[in-house]
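Dear colleague,

Please find below the structure for your consideration. I should be grateful if you would read the notes that follow with the coordinates open.

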Amino acid sequence: MNENTMQKTIAIIGAGNIGCSIAEGLVKSRKYKPGQIILTRKHTELLSTLGERGFLLSSDNKKAIAKADTIILAVRPAQTDELLQEIGASLTNEKIVISVITDVALNTFYSYISPTVPVIRAMPNIAIAIRESMTCLAALPEHKAALLEAVDLFNLLGTTLIIEEQLMVPATVLGACGVAYFLRAIRAASQGGIQIGFHADDALHIAAQTAKGAAELLLKLNEHPESAIDKVTTPRGCTIAGLNEMEHEGFSASMIKGILRSFEQAENLYAKHDKH
Ligand SMILES: NC(=O)c1ccc[n+]([C@@H]2O[C@H](COP(=O)([O-])OP(=O)(O)OC[C@H]3O[C@@H](n4cnc5c(N)ncnc54)[C@H](OP(=O)(O)O)[C@@H]3O)[C@@H](O)[C@H]2O)c1
């Protein structure tokens, strides 16, 4: 990312959970100062602590957009039509628009915005606040330059993958909702740890660091989970006994079924709202 890009101003329209997490990550990257980031929402009083830290706050989306080079749209799917009716005409060719909104297709954006405006769909997750997001991105082929600029931005905040737009909802489930699945798994492990003797804080610490180590084995050594598991499971040992018991109780099956159920829900979040 060149120095000019780092001088840019970013407007985050809809500064809720993910919008504020993106803002935190950008500042942690040290490439952006809070004064380069405008956060908008209707209830700006709920952002006062961020305002005290130097982030620019506004309830006026159009004014925020006018001052920004990059616009990140982070409202809920059901809030999107109203927002696009308000700001569609303010989104002009020289801006890059990045939407992290679930289930709202590029086609929908282009029914409110000129097709010459680069609109990028991005799906980060909440770990973006600590620059550990997995972010999947997609755009129309004619907006490849803007897509690569967005990739540079999100590479400051974790890992990125360019995908086909049709995979954006699956990316939402596996990458964004996925954080919650793994957090629940860590919570469950810590509860088991308490039952076998640890205080709650120690159990959670051990479970979380162990989960982190397991993930790093895959990411840093490029190993397959099963080959790593083979190294932990001594014949007739305690690991395989516990693991097989978990599988008898439906461990993998329940994770897969949960992902399919989330997918059904996610692919209708905007469409269902549209019908009402
Ligand atoms: N949370 C995640 O982990 C995550 C991860 C990836 C993607 N996403 C996607 O990101 C979007 C936001 O999710 P979220 O969890 O951050 O929801 P959220 O916490 O409800 O944030 C949405 C924000 O948008 C603001 N807003 C609504 N209408 C607005 C408007 N017209 N102008 C300006 N601000 C407006 C709301 O505040 P006011 O009511 O004060 O205006 C609220 O703060 C969703 O589409 C979600 O699917 C979320």
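The notes below take up the domains, the ligand surroundings and one loop residue in turn.

Please bear in mind throughout that this is a predicted model.

Domains. The protein is split into domain 1, covering residues 3-163, and domain 2, covering residues 172-266. Taken over C-alpha atoms, the centres of the two domains lie 32 Å apart. Contact between them involves eight residues of domain 1 and six residues of domain 2. On the side of domain 1 that touches domain 2, five residues are nonpolar, two are polar and one is charged.

Ligand surroundings. There are 27 residues around the ligand, and those that come nearest are Gly 14, Gly 16, Lys 42, His 43 and Thr 102. Two elements, α2 (17-28) and α5 (80-87), each give two or more residues to this shell. Of the elements, α2 gives the most, with three residues. Sorted by class, the shell holds 13 nonpolar, ten polar and four charged residues.

A loop residue. Asn 268 sits in the loop that joins α12 (251-266) to α13 (269-275). Is Asn 268 buried, exposed or partly exposed? Asn 268 has 15 C-beta neighbours inside 10 Å, and therefore counts as partly exposed; a buried residue would need 20 or more, whereas an exposed one would have 12 or fewer. Although Asn 268 and Val 169 are 99 residues apart in sequence, their C-alpha atoms are 9.6 Å apart in space.

With kind regards

Technical notes
Residues numbered from 1 in each chain as written. Predicted model: local features only at pLDDT ≥ 70, side-chain atom pairs only at ≥ 80, totals over all residues. Near = placed C-beta within 6 Å. Helix = DSSP H or I, 4+ residues; strand = E, 2+ residues; numbered from the N terminus. Nonpolar A, V, L, I, M, F, W, Y, C, P; charged D, E, K, R; others polar. Domains from an automatic or database assignment. Contact = placed C-beta atoms within 7 Å.
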